[in-house]
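Visitor: Could you show me around the aromatic rings of this protein? I would like to hear the reasoning behind each label.

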Amino acid sequence: MNDQLTLFTTQQTQKTNVALTLFSFGGGQDSTAILLRMIHDPEYRKKYAPSRLLVVMSDTGSEHMRTYLHISKIKILCRKHGIEFHFLTGDKGYHRNGWEYGLKAQYKAKNVIGMLGGLQLCTDHLKIKPIDRFLSAWLLKNYDLKSSSRIDTCIYDFVRKHGRIRLILGFGYNEGRHKKSGKLDPVWKKKTVDRVYPLVETKWNRKECQEYILKLGYDLPPPSNCTICFYMSKQELVWLDRFLPEELQAWIDLEANKIKHNTHKEKNNGAGGNAKLLPQRLKEAREEFKDWSNEQLNDYKMSHGHCVKSAY
C-alpha cells in the first residue's frame with residue numbers, strides 16, 4: 001500500500017459520521033419491507049439511514065410486469081415521503097457494452113446464455129456496475145468533488161471529505177449471502193463503502209418481510225427475479241410455462257442459439273450448466289408437477305426469489 005493510499009485510509013476511517021446511505025433496492029419483498037420500515041419506523045430510519053438517503057434500483061430489462069407496476073408505486077411512495085428514488089433503465093447511460101438493451105438482447109447478440117456454474121455476469125453488468133456508475137455521476141452533481149473518467153475518483157474524494165458511504169442490501173437472515181457479499185468488489189469500493197444488512201441484524205426472513213408489508217396495508221409485491229433465470233427451480237419452470245409461455249419460448253430459443261454457435265467448444269452447456277437443456281428439463285418438470293394447481297404454483301412463486309446464490 002503506497003503512502004497516498006495509507007493516508008486516505010487513515011483519514012476516512014477516522015470519520016464516523018454517515019453522510020450518505022445508498023440503498024440498493026431489489027424491487028422485491030425483502031427490499032420493500034426495509035424501505036417501508038424506514039418510512040414508518042423513525043428509530044429504524046435513524047439507525048440505518050441517519051442522514052441523506054438515496055434509493056436506487058437497476059433494471060435488467062427482464063423484470064416481471066408485476067415488478068414494474070410495483071416500482072411505479074414505489075416511485076410515488078418515495079416522492080410522498082421525501083425519499084430520492086432512481087430507477088436505472090438501459091436508456092439512461094449507466095448500462096454499458098450491450099447490456100443497455102437488456103438481458104435477452106445481450107444473450108442473443110453474444111451467442112451466450114446465463115448458466116449454473118457460470119460467472120453470473122448478469123448480476124454484475126445489469127445490477128452492480130450501473131449503480132456504481134450512477135453513484136459516481138450523482139455525487140459529482142450534488143457535491144463539489146474531483147472529476148475524471150474513472151468511477152472511483154469522486155467517490156474517494158467524497159469519502160475523504162464526508163466519511164464512508166453506507167450501502168444497504170436486502171439479504172434475508174437465513175440466506176447466508178452476506179457472508180460472501182462484497183468479495184468480488186473492486187478495491188475502491190472495499191475502501192469507501194460499508195455494507196449493511198438490516199434483515200440479517202433483525203433476523204428477518206421472507207416470512208417476516210411479507211407479514212410486515214401486509215400488516216401496514218400494502219399490496220405484497222412478487223419476489224425480485226428475472227423472467228428467465230438459471231437459478232429457477234422446477235416449480236418455477238412450470239409456472240413460467242403456464243403463465244408466461246412466450247418468455248419460456250424466448251429462453252429456449254436463446255439457449256438453442258447459444259448451443260448452435262458454440263459447437264466448436266469442448267464445453268457447450270445450456271442454462272442448467274451440466275444439466276439437461278431446457279426442453280428436456282421442462283418435460284420432466286411438467287410431469288413431476290402436473291398435479292399442481294395454478295394456485296399452488298402462484299403461492300410457490302410468491303415465496304421464491306433468485307440470485308440469492310450470487311457472489312455479488
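Guide: Happily! Please keep in mind that this is a predicted model. Let us begin with F87, whose relative accessible area is 8%.

Visitor: Why is F87 called buried?

Guide: Buried means under 20% relative accessible area. F87 has 8%, so F87 is buried.

Visitor: And what makes Y68 partly exposed?

Guide: Its relative accessible area is 24%. Partly exposed lies between the cut-offs of 20% and 50%, so Y68 belongs there.

Visitor: How many aromatic pairs does the structure hold?

Guide: It holds 13. One of them joins Y68 and F87, with 6.3 Å centre to centre and 70 degrees between the planes.

Visitor: Why is the pair of Y68 and F87 called edge-to-face?

Guide: Centres must lie within 6.5 Å for a pair, and planes over 60 degrees apart count as edge-to-face. With 6.3 Å and 70 degrees, Y68 and F87 therefore fit both conditions.

Visitor: Which parts does this pair tie together?

Guide: Y68 lies in helix α4 and F87 in strand β3, so the pair ties together parts 19 residues apart in sequence.

Visitor: What makes Y143 and F158 an edge-to-face pair?

Guide: Their ring centres are 4.9 Å apart and their planes stand at 75 degrees, so the pair is edge-to-face. Y143 lies in the loop between α6 and α7, and F158 in helix α7.

Visitor: How do you know that the charged end of K301 sits over the ring of W239?

Guide: The charged end of K301 is 4.9 Å from the centre of that ring, and the distance cut-off is within 6 Å.

Methods. Residues numbered from 1 in each chain as written. Predicted model: local features only at pLDDT ≥ 70, side-chain atom pairs only at ≥ 80, totals over all residues. Heavy atoms only, no water. Phe/Tyr/Trp six-rings, centres within 6.5 Å; stacked < 30°, edge-to-face > 60°. Helix = DSSP H or I, 4+ residues; strand = E, 2+ residues; numbered from the N terminus. Buried < 20%, exposed > 50% of the residue type's maximum accessible area, 1.4 Å probe, protein only. Lys NZ or Arg CZ within 6 Å of the ring centre and 35° of its normal.
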